[in-house]
Amino acid sequence: MRAPYLFAVLAILAVGGCKPKAEVAAIPAPHTLTDTDLAHFCNMAVTEHGGPKGQVLLKGDPMPVWFASVRDTVAYTLLPEEPKDIAAIYVTDMDKLNDQHHPPAGSWIDARAAFYVVGSGEHGAMGGVELFPFGTEAGARAFAQAHDGTVVRYADIRKDQVFEEDDRGPAGQETAGRTAGGAS
């Protein structure tokens with residue numbers, strides 16, 4: 001009779017002594033773009049525009065914030081008036097993008113892990129200056145060589161590359177210094 005009692009006490013002590021491990025928040029998966037999803041800044045259907053696109057997932061919100069361009073996606077993260085409780089940022093991988101209006105589910109990549117071509121002669125949504133994301137450095141370098149751009153990582157995208165002037169005028173304010181990674 002003593003042995004079962006002893007095992008019960010030891011089991012209770014073992015369980016009681018365990019501290020719960022700190023929960024690590026899971027990074028939400030990218031959403032699939034539909035024809036009814038609207039771009040945050042222009043309120044137009046994202047699929048109406050060609051080129052790479054983006055989505056930002058905010059903590060506690062199951063719906064993504066959609067963008068018709070990667071430039072707008074990065075701008076959203078830099079603008080002081082936009083939310084900063086970002087759970088994930090996804091952009092379309094130009095290495096996998098064969099339909100520029102309807103990116104397939106497997107073409108979304110973590111924006112912070114991508115290689116970007118900036119300053120190229122190519123334009124994105126609505127003919128604007130664009131940041132072209134690639135999942136591979138080789139893909140980005142080939143695109144940059146073909147289109148006169150420079151390859152950078154997300155943390156090295158400068159604010160002036162996001163809010164760069166194009167033939168329609170300046171896209172933003174205070175262009176010096178800050179990077180997408182947050183440094184000034």
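These exercises walk through a predicted protein model.

**Exercise 1. Confidence**

Task: Find the average pLDDT of the protein, and the stretch where the pLDDT is below 50.

Solution:
- Start with the whole protein. The average pLDDT is 83.
- Next, take the share of residues that score at least 70. That share is 76%.
- Now go to the weak stretch. The pLDDT is below 50 over residues 167-177.
- Check the contacts of residues 167-177. Beyond near neighbours in sequence, the model gives this stretch 14 contacts.
- Read with care: where pLDDT is low, the predicted coordinates should not be read in detail.

**Exercise 2. Helix 2**

Task: Decide why helix 2 counts as largely enclosed by the rest of the structure.

Solution:
- Locate helix 2. It spans residues 70-78.
- Apply the cut-off: a residue is buried under 20% relative accessible area.
- List the buried residues of helix 2. They are Val70, Arg71, Thr73, Val74, Ala75, Tyr76, Thr77 and Leu78.
- Draw the conclusion. Eight of the nine residues are buried, so helix 2 is largely enclosed by the rest of the structure.
- Name the packing partners. Among the strands that the buried residues pack against are strand 1 (54-58), strand 2 (65-67) and strand 3 (86-92). Strand 5 (115-118) and strand 6 (132-134) are also partners. So is helix 4 (159-162).

**Exercise 3. Ser69**

Task: Place Ser69 in the chain and state whether Ser69 is buried or exposed.

Solution:
- Find the position. Ser69 sits in the loop between strand 2 and helix 2.
- Look at the relative accessible area of Ser69. The value is 6%, and Ser69 is buried.
- Follow the side chain. A side-chain oxygen of Ser69 lies 3.0 Å from the backbone nitrogen of Asp72, capping the N-terminal end of helix 2.
- Look further along the chain. Glu130 is 61 residues away from Ser69, yet their C-alpha atoms are separated by 7.0 Å.
- Collect the contacts of Ser69. Leaving out residues up to four places away in sequence, Ser69 touches Pro52, Lys53, Gly54, Ala125 and Glu130.

**Exercise 4. The sheet**

Task: Work out the strand order of the four-stranded open sheet and name its edge strands.

Solution:
- Read the order. The strands run 2-1-3-4, with antiparallel pairing.
- Pick the edges. Strand 2 and strand 4 (108-110) each pair on one side only.
- Add the angle. Neighbouring strands of this sheet are turned by 25° against each other on average, direction ignored.
- Zoom in on one pair. Three bridges join strand 1 to strand 2.
- Name a bridge. Gln55 has Trp66, in strand 2, as its bridge partner.

How values were computed
Residues numbered from 1 in each chain as written. Predicted model: local features only at pLDDT ≥ 70, side-chain atom pairs only at ≥ 80, totals over all residues. Heavy atoms only, no water. pLDDT = per-residue confidence, 0-100. Contact = heavy atoms within 4.5 Å. Buried < 20%, exposed > 50% of the residue type's maximum accessible area, 1.4 Å probe, protein only. Helix = DSSP H or I, 4+ residues; strand = E, 2+ residues; numbered from the N terminus. Polar contact = N/O pair within 3.5 Å; in protein donor to acceptor, adjacent residues only side chain to side chain. Pairing = 2+ DSSP bridges. Axes fitted to C-alpha atoms, helices over the stretch in contact; angles between N-to-C directions.
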